[in-house]
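This report describes how one protein chain is folded. Please look over the sequence and the structure before reading on.

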Amino acid sequence: MSADTNIEVLCGEFTDALTEVLAENATGPARRGRLARARAAVKKHAHYSEHVYFIAVEAAFTKWEAMQNAAAVR
């Protein structure tokens with residue numbers, strides 16, 4: 001990833017990686033490398049802020065909760 005990558009793109013990748021880790025923890029060992037790389041990229045970005053980071057984390061939990069609710073309905 002280049003330094004000029006949009007912060008929203010990086011946060012989206014972080015959100016997806018965190019969602020994957022949350023989902024995998026329920027069924028087996030999680031792959032954390034993708035999450036670590038995505039988190040580092042977000043935190044190193046010139047437009048990083050705690051607010052942006054927390055929104056990405058909250059989005060991951062929201063996606064994970066939706067996955068859990070969908071699985072419970074089945």
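Among contacts in the protein between residues at least 6 apart in sequence, what percentage join residues at least 24 apart? The value is 62%. It is computed from a predicted model.

**Overall layout**

The protein has three helices and zero strands. Read from the N terminus, the order of elements is α-α-α. The chain holds 74 residues, and 31% of them are buried. Its accessible surface is about 5000 Å², with carbon and sulfur atoms accounting for 59% of that area.

**The core**

The largest nonpolar core contains 16 residues. Those touching the most other members are Cys11, Phe14, Leu18, Leu35, Val42, Tyr53 and Val57. Three helices each supply at least two residues of this core, and they are listed here with their residue ranges.

| Helix | Residue range | Supply to the core |
|---|---|---|
| α1 | residues 7–25 | at least two residues |
| α2 | residues 33–44 | at least two residues |
| α3 | residues 50–73 | at least two residues |

The helix that gives the most to this core is α1, with eight residues.

Leu18 serves as an example of a core member. With neighbours within four places in sequence left aside, Leu18 is in contact with Leu35, Val57 and Ala60.

**Before the first helix**

Thr5 is found in the segment before α1. Is Thr5 buried or exposed? Thr5 counts as buried because its relative accessibility is 16%, and the cut-off for buried is under 20%. Not counting residues up to four places away in sequence, Thr5 touches Leu10 and His45.

Key:
Residues are numbered from 1 along each chain as its sequence is written. This is a predicted model: local features need pLDDT of at least 70, side-chain atom pairs count only at pLDDT 80 or more; totals for chains, interfaces and linings use all residues. Side-chain values use heavy atoms; hydrogens and water are left out. A nonpolar core is a set of buried Ala, Val, Leu, Ile, Met, Phe, Trp, Tyr and Cys residues joined through side-chain atoms within 4.5 Å. Buried means under 20% relative accessible area, exposed over 50%, partly exposed in between (1.4 Å probe, protein chains only). Helices (H or I, at least four residues) and strands (E, at least two) are DSSP runs, numbered from the N terminus. Contact means heavy atoms within 4.5 Å. Accessible areas come from the Shrake-Rupley method with a 1.4 Å probe; for residues, only the protein chains shown count as cover.
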